[in-house]
Amino acid sequence: MTSPSFSAPLPTSEPTSGPASSAASSSDSEAGEATRATSAAGATTSRHRDVVVGVLAVQGDVREHIATIESLGGRAVPVRRPSELAAIDGLIIPGGESTTIDKLTRTFGLAEPLRDLIAGGLPVYGSCAGMILLSDVIADPSTDRLGNPQQTIGGLDMVVRRNAFGRQRESFEADLAFRGLAATGSVAGEDPVRAVFIRAPWVEKVGDGVQVLAQVPAAETPQAGPSGAGEQGAEAELAPVARIVAVRSGNLLATSFHPEVTGERRVHELFIRMIRGEA
Ligand code: GLN
């Protein structure tokens, strides 16, 4: 597994940034990207070249998501400016630090346009911190020095709890049954997803329209979260329960874990199929 670059914001002047890279399609860069896609994933991948996936690139493991989309033959572009939203067919909000992503997304004027685009049907996939950003409610939001709670972009009718799996298990892996991957066309569609959790949230409550795609089985779930889950409901929390870690609602997909760091491509493939209207 590669190690995700969570702590350091990406430089703001990468050669790949800017509207030119997302909108233009010079034959040189097309050829370069196609070669990368082919070498990473075999000859079958160019079928997604018409799909442009933006990756919100204010902080977090942006590169890993770009690499995963490109390995599937899709085009991936970093998004840092509101003007760049016009060129994308779908958006990934990466793992990282949800408080930082929240602040920078608002500072860069991306939060409001994104809410409008989500309401209008833009497909968005959030992993880990990205799941927190897509959630309507955070059970335990962080507050800044003035006491203002962190905000979300929202769209998923659910409650998430940050860092929920506890200090003892800041990072762990589990094999998950994941609904909806069988149709990816891969023979491995039904295989369990090896999920890597890094200070991950879990979903505490979902609304009617939110479909649960994967849960960490009770036997692999720690007994209590670090920030109140145990104290508030000590008796209810004595027995471990399964925890929701992947959801879908319409155009929105979210996972508590990071398929982008393990070489697991089926979740991104599902997202591309959502963008194409095939799932
Ligand atoms: N704990 C982080 C947060 O609350 C999320 C961690 C991650 O994205 N791996 O934002």
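Helix 8 is followed by glycine 277, whose phi is positive, near 75 degrees. Here helices (DSSP runs of H or I, at least four residues) and strands (runs of E, at least two) are numbered from the N terminus. The structure is a predicted model, in which local features need pLDDT of at least 70 and side-chain atom pairs count only at pLDDT 80 or more, while totals for chains, interfaces and linings use all residues. Residues are numbered from 1 along each chain as its sequence is written.

## Overall composition

The protein contains eight helices and 12 strands. Of its 279 residues, 46% are buried. A residue is buried if 20 or more other C-beta atoms lie within 10 Å of its own, exposed if 12 or fewer, and partly exposed in between, with C-beta atoms placed from the backbone. Among the contacts with a separation of 6 or more, 75% join residues 24 or more positions apart. Two residues are in contact if their C-beta atoms, placed from the backbone, lie within 7 Å.

## Helix 8 and the nonpolar core

Helix 8 is largely enclosed by the rest of the structure, because nine of its 10 residues are buried. The buried residues include Arg266, His268, Leu270, Phe271 and Ile275. Their cover includes helix 3 (62–71), strand 3 (90–93), strand 4 (124–127), strand 8 (193–198) and strand 12 (252–255).

The largest nonpolar core has 71 residues, and the members that touch the most others are Val55, Leu134, Val245, Val247 and Ala254. Helix 8 (residues 266–275) provides the largest share of this core, six residues. Such a core is a set of buried Ala, Val, Leu, Ile, Met, Phe, Trp, Tyr and Cys residues joined through C-beta atoms within 7 Å. In soluble globular proteins, nonpolar side chains tend to be buried together. Leucine 134 illustrates the contacts of one core member: leaving aside neighbours within four places in sequence, its partners include Ile93, Val124, Ile153, Leu156, Leu252 and Ala254.

## Strand 1 and its partners

Strand 1 (residues 52–56) is mostly covered, as four of its five residues are buried. Strand 1 runs parallel to strand 2 (residues 75–79), and five bridges join the two. Two strands are said to pair if DSSP finds at least two bridges between them. Within this pairing, glycine 54 stands opposite valine 77 of strand 2. The chain passes from strand 1 through helix 3 to strand 2 in a right-handed β-α-β crossover. Right-handed signifies that, with the strands pointing away from the viewer, the path from the first strand over the helix to the second runs clockwise.

Helix 3 is itself largely enclosed by the rest of the structure, since nine of its 10 residues are buried. Just after helix 3, glycine 73 takes a positive phi of about 90 degrees.

Strand 1 also pairs with strand 3, in the parallel sense and over three bridges. One of these links joins valine 53 to glycine 90 in strand 3. Glycine 90 counts as buried because it has 22 C-beta neighbours inside 10 Å. Leaving aside neighbours within four places in sequence, glycine 90 is in contact with Val53, Leu122, Pro123, Val124, Phe271 and Ile275. The C-alpha atoms of glycine 90 and methionine 274 are 9.0 Å apart, although 184 residues separate them in sequence.

## Surroundings of the ligand

The residues surrounding the ligand include Gly95, Glu97, Ser98, Cys128, Arg162, Asn163 and Arg199. A residue is placed in this shell if its C-beta atom, placed from the backbone, lies within 6 Å of the molecule. The shell has five nonpolar, four polar and three charged residues. In this classification Ala, Val, Leu, Ile, Met, Phe, Trp, Tyr, Cys and Pro are nonpolar, Asp, Glu, Lys and Arg are charged, and the others, Gly among them, are polar.

Cysteine 128 has a positive phi of about 60 degrees although it is not a glycine. Asparagine 163, also a residue other than glycine, has a positive phi near 45 degrees.

## Three loop residues

The following table sets out the position and surroundings of three residues in loops.

| Residue | Loop | Other C-beta atoms within 10 Å | Class |
|---|---|---|---|
| Cysteine 128 | between strand 4 and helix 6 (129–134) | 31 atoms | buried |
| Asparagine 163 | between strand 6 (156–161) and strand 7 (171–176) | 18 atoms | partly exposed |
| Alanine 239 | between helix 7 (229–232) and strand 11 (243–249) | 9 atoms | exposed |

The C-alpha atom of alanine 239 is separated by 8.4 Å from that of alanine 218, 21 residues apart along the chain.
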